[in-house]
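Reader: Could you walk me through this one before I set anything up? I'd like short questions and straight answers.

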Amino acid sequence: MTAAAITLTDVTKRFGSHVALDSVSLAVPAGTAAVVLGPSGCGKTTMLRIIAGLEVPDSGQVALDGATVSAAGRVDVLPHRRKLGFVFQDLALWPHLTIRQHLDFVLGSMALSRLERDRRAQDALALVRIEVLAGRLPHQLSGGEQQRVALARAIVREPRVLLLDEPFSSLDAELRADLRSELARLQRALSLTMVYVTHDREDATALADCVIEMRAGRILAVHRHPTRGHDPA
Amino acid sequence: MDIWRGQHSRTAVIGLAFVAFVVCCVLPAAYLLATTLGAARSAYAVVALDSRQQGLLFTTALLGLGTAALATAIGTPLGIVLARVPLRRKGVVRVLAGAPVLLPPYIVALAWVNLGWDRPSEWTYSLPAAIVILSLVLYPLSMLATEVAMRRIDGRLEEAGLIVAPPGRVLRRITLPLVAPSVIAAALVIFVLAVSEFGVPGLLRVRVYTTEVFTAFAAFYDFSRAIALSVPLLVLCVAVAAVAAALLGDRLVTTRRSLALSPVVFHTWRRPALASVVLVVAIAVALPMLILVREALGARSLASATGAVDAIVNSLLLSAVGATVIVAVAVCLGYAQARASHGVRHATQALLVVLFAVPSTIIGVGLIGLWNRPGPFGGLYGTDAMLLLAYLARFVPVATLILAATTQTVSVSQEEASAVSGVGWLRTVRGIVLPQLRVGVAAAWVVAFVLAFGELGASILVAPPGEATLPIRIYTIIANTPSSNVAVLALLQSAVIFGPVAAFGAVASMRESR
């Protein structure tokens, strides 16, 4: 059995009186593409943000590769030390930085030689096929191109885990299908552990090794995808 | 589409407010400029060729630049703290940290002069001292501008950075570049207010344009020299304020917030953040007040206070009436600005910022030139109405900016719903819009009252003989009255100013604890 890359144990998160996550436990094996499916407000995004360290759980604990990164009311490992990539729903591209500067900013936090930084940036741009856009600002790109930039930013530092929060929700069906297959290719090529949040069943069918169904802050069921591999417990 | 086209009530109300605005705020500065164009060349020869004036320009510029730099260095980090670090009772913290801007700068200067030394040192009456004092009073402008700008940034932009970089780097590379235009604009406004300031350089004997204008008029009765000295200052202030307004764009009158996330990682900065706020408030507010209390305890009697009762009552009455009229005009103008087209809104906002930047002594000189004349218009000169006109000229622009921002939070569709239901403009404004502006109106009134209560630069020029407000009284007795007696009056003035501020703080605290 493959070791769990992400483990949530009895994680609860409240916002005021609203319970966003209610004693959620989950283990996602390394290299697995897990798709979290559920209606708006069911706690999908909150779960992703807790894994990333952008929210603190009220109770329970979160572990990455077996090491606890946050637990009730505390963050043990800051987000930037968790070796994650995150693609936000609204992409959150930095409006004042060119695409290349986006990647340089990410790589600037790592102890790398200039040569290695250049190589990684070029590789990331090539992987998502936007090499020619390196000098542009986000507002000079189309919606699909912006999605690719967000992906490049997430993978440029070669993370072990990739988290995606409904990244393609604002795109038309054709572009969405295109980027979905691109993402599936990337996930396999880089052997990424991926957690993909969506409310679209088509996304789940196309991408998932396993589908996690959520409702009202709880995990209802975990389905293994018939054509793909691993099964989260 | 203008849903209220053809509504005479709207035309009449806004038209009246506009006329009041032009007469009170625009005409004094316009009069000065017009007079300048037709003035005798000799007056300009004096100003232009006098080498002392070059020194004056240098000192004035240094005062402005030094204050803008230091106030920004203090205010920007505090703005970041208020926007991003989750402090308990943040409303109270904001009121406390913002309080110095409501304190008349000469009160802080008075405390500085009495700061512990038996004999004045070379620093007591100096340009650096004036810079430090003005920075301690004006840093809240930078703080509030930074906070507002940061709240407008989508918190996800920072979160996207925090996934890959430590908080300090995210702040430097992502957050600060995005708020830079607002920080720079605030620094420019601080520059303008510093070079416009009269009380602090006057008290610390620093020769700058405002003190020279005052001396030319009040000591030498040389009106044409006062006007000639006013023009370089007026041009400088107007130009810098125009750049600030252009940089700000619609940020001043828009209170729209994007995702006001406070990324969780900044929570770790809570203690140092709180310590820095406490330190700044202690130096800017508590220390001056303690010095004045210590000084006041040495007063042998409260004769100075009882002798100033007339001035205190006068100040309270005039400030209250002034604030009420200011808010009445500003409600109408703020509504008109908020509902104007994008271009008109930008232009009027720039005009309001520029008018707010006109130095107080220049407004005083302009008002004298405008109203000191024979005929029916001259009837106001020599009465308390001149003080009210000075308050209107100085503070209608800032009250209008506050109320335009508040009005924008009331969506136009609410008025449209009223209009299609057959309700007229006046009833719609009275029944739908105004009730939603209550907090903004109260805030504008308090700001106008506090500013009017501390106004010195214009008041001291236009006050009728024998009539004095509290600031005039304090400023004129400094030279020949024991410092303990002056301190008593300064404390009285501070108490009146901090009363409403404390009330606001209490309300904010109650709202937060709910």
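What follows is a chat about the two chains of this predicted model.

Reader: Let's start with chain B. How many helices and how many strands does the secondary structure of chain B come to?

Author: Keep in mind that this is a predicted model. Buried residues make up 51% of the 514 residues in chain B. Among contacts in chain B with a separation of 6 or more, 87% are between residues 24 or more positions apart. As for the secondary structure of chain B, the count is 23 helices and 0 strands.

Reader: Take one helix, H15(B). Which residues of H15(B) are buried?

Author: Helix H15 of chain B covers residues 342-356, which is 15 residues. From first C-alpha to last it reaches 21 Å, close to the 21 Å expected at 1.5 Å a residue. Its buried residues are Thr348(B), Gln349(B), Leu352(B), Val353(B), Val354(B), Leu355(B) and Phe356(B).

Reader: Is Cys24(B) buried or exposed?

Author: Cys24(B) is found in helix H1 of chain B, residues 8-37. The cut-off for a buried residue is 20 or more other C-beta atoms within 10 Å. Cys24(B) has 24 C-beta neighbours inside 10 Å, so it counts as buried.

Reader: And which residues is Cys24(B) in contact with, leaving aside its neighbours within four places in sequence?

Author: One partner is Val396(B), which sits 372 residues away in sequence. In space, the C-alpha atoms of Cys24(B) and Val396(B) are 8.7 Å apart. With neighbours within four places left aside, the contacts of Cys24(B) are Leu389(B), Leu392(B), Ala393(B) and Val396(B).

Reader: Now the interface. How many nonpolar, polar and charged residues are on the side of chain B that touches chain A?

Author: The contact draws 18 residues from chain B and 19 residues from chain A. On the chain B side, helix H7 (155-162) and helix H8 (167-196) each supply at least two residues. By class, that side of chain B has 13 nonpolar, no polar and 5 charged residues.

Reader: On to chain A. In what order do the 5 strands of the open sheet come?

Author: Strands of a sheet pair through backbone hydrogen bonds, either parallel or antiparallel. In this open sheet of chain A, the pairing is antiparallel and the order is S2-S1-S4-S5-S6. Strand S2 (18-29) and strand S6 (74-75) of chain A each have a single partner strand, so one side of each is left without a neighbour in the sheet. The strands at the edges are therefore S2 and S6.

Reader: In the hairpin of S4(A) and S5(A), which residue takes a positive phi?

Author: 4 bridges join strand S4 (residues 59-64) to strand S5 (residues 67-71) of chain A. Leu64(A) stands opposite Ala67(A), and Gln61(A) stands opposite Ala71(A). There are 2 residues between the strands, and the one with a positive phi, near 50°, is Asp65(A).

Reader: What about the hairpin of S5(A) and S6(A): which residue in the turn has a positive phi?

Author: S5(A) and S6(A) run antiparallel and are joined by 2 bridges. The bridge partner of Ala71(A) in S6(A) is Arg74(A). The hairpin has 2 residues between its strands, and the turn residue with a positive phi of about 70° is Gly73(A).

Reader: Which residue in S8(A) stands opposite Phe86(A)?

Author: Strand S7 (residues 84-87) of chain A has Leu84(A) and Phe86(A) pointing one way and Gly85(A) and Val87(A) the other, and all are buried. S7(A) runs parallel to strand S8 (residues 161-165) of chain A, with 4 bridges between them. Opposite Phe86(A) in S8(A) stands Leu163(A).

Reader: How far apart do the C-alpha centres of the two domains of chain A lie?

Author: The assignment gives domain 1 (1-83 + 161-225) and domain 2 (93-158). Their contact takes 10 residues from domain 1 of chain A and 8 residues from domain 2 of chain A. Helix H5 (residues 173-190) of chain A gives the largest share of the domain 1 side, 4 residues. Centre to centre, by C-alpha, the domains lie 24 Å apart.

Reader: Last one. How many residues does the largest nonpolar core have?

Author: Val195(A) and Ile190(B) are among the residues with the most contacts inside this core. Domain 1 and domain 2 of chain A both give residues to the core, so it lies between them. Its size is 247 residues.

Technical notes: Residues numbered from 1 in each chain as written. Chains lettered and ligands numbered in written order. Predicted model: local features only at pLDDT ≥ 70, side-chain atom pairs only at ≥ 80, totals over all residues. Contact = placed C-beta atoms within 7 Å. Nonpolar A, V, L, I, M, F, W, Y, C, P; charged D, E, K, R; others polar. Core = buried A, V, L, I, M, F, W, Y, C linked by C-beta atoms within 7 Å. Buried ≥ 20, exposed ≤ 12 C-beta atoms within 10 Å, placed from the backbone. Domains from an automatic or database assignment. Pairing = 2+ DSSP bridges. Expected span 1.5 Å × (residues − 1).
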